[in-house]
Amino acid sequence: MVVHVINDVTLTLLEGNIVAVEADAIVNAANAGLAGGGGVDGAIHRAGGPEIMAACAKIGGCPTGSAVATTAGRLHAKYVFHAVGPIYDGRPEDARLLASAYQACLDLAEQHQIKSIAFPSLSTGVYGYPLDLAAPIALRVVIDHITKPTSLHTVTFVLFGKTSFAAYERALKTLAE
Ligand code: AR6
């Protein structure tokens, strides 16, 4: 685990499974149809129960680069923020959309005045975004956000496996220098 404090906000990198984490909002790596799937999405719907999918179906969809809030069902959270990152194909647009998906979650956090949020590494599984490119984008958006006044006290990146954790650790070291 790596803990870094910026402006009284604790930024933590944690290796683990996001459904085991307690936070006001847990972020899902969703698709634009909010249709469910594998990876984080599958784990969140399995652990949270059918209430979450019912809420997603009501909303209907979410454009790439944005996010929507639903109930967290049985998860140890008040909300799930479903964020849609880009499918990586090497265009400059990808970085903008990835940053925008994180920013959309941070904007929802302010709207709901929540204190803690847990992110997975958006787009770096099925969507193919290289970890070493995605990690600095994710961290930069969060660090810029918590440098300004915020309702958040805790931001946690929950990283699945050693490779993912190491990529974020390297990126944080570079950005925090
Ligand atoms: N906790 C934390 N991180 C996880 C977990 C978990 N339980 N499971 C996987 N990861 P992905 P994407 C990591 O594929 O790339 C779905 O089908 C994983 O190792 O979940 O944004 C959706 O429905 C990777 O580093 O999301 C979409 O269709 C990261 O989480 C599509 O996949 C993201 O992997 C979204 O793809």
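Q: Which residues come nearest to the ligand?
A: This is a predicted model, in which local features need pLDDT of at least 70, side-chain atom pairs count only at pLDDT 80 or more, and totals for chains, interfaces and linings use all residues. Residues are numbered from 1 along each chain as its sequence is written, and side-chain values use heavy atoms, with hydrogens and water left out. The ligand has 21 residues around it, a residue being near if one of its heavy atoms lies within 4 Å. Those that come nearest are Asn17, Val40, Asp41, Ser123 and Gly125.

Q: How far from an oxygen atom of the ligand does a polar side-chain atom of asparagine 31 lie?
A: Polar contacts here are pairs of N or O atoms within 3.5 Å. In one of them, a backbone N or O atom of isoleucine 18 lies 2.9 Å from a nitrogen atom of the ligand. For the polar side-chain atom of asparagine 31 and an oxygen atom of the ligand, the distance is 2.8 Å.

Q: Which parts of the chain do aspartate 24 and lysine 78 tie together, and how many residues apart are they in sequence?
A: The side chains of aspartate 24 and lysine 78 meet in a salt bridge at 3.5 Å, N to O, where a salt bridge is a side-chain nitrogen of Lys or Arg within 4 Å of a carboxyl oxygen of Asp or Glu. Aspartate 24 lies in the loop between β2 (9-15) and β3 (25-29) and lysine 78 in the loop between β4 (67-71) and β5 (79-83), so the pair ties together parts whose separation in sequence is 54 residues.

How values were computed
A polar contact is a pair of N or O atoms within 3.5 Å; within protein, one must be able to donate a hydrogen and the other to accept it, and residues adjacent in sequence count only if both atoms are side-chain atoms. Helices (H or I, at least four residues) and strands (E, at least two) are DSSP runs, numbered from the N terminus.
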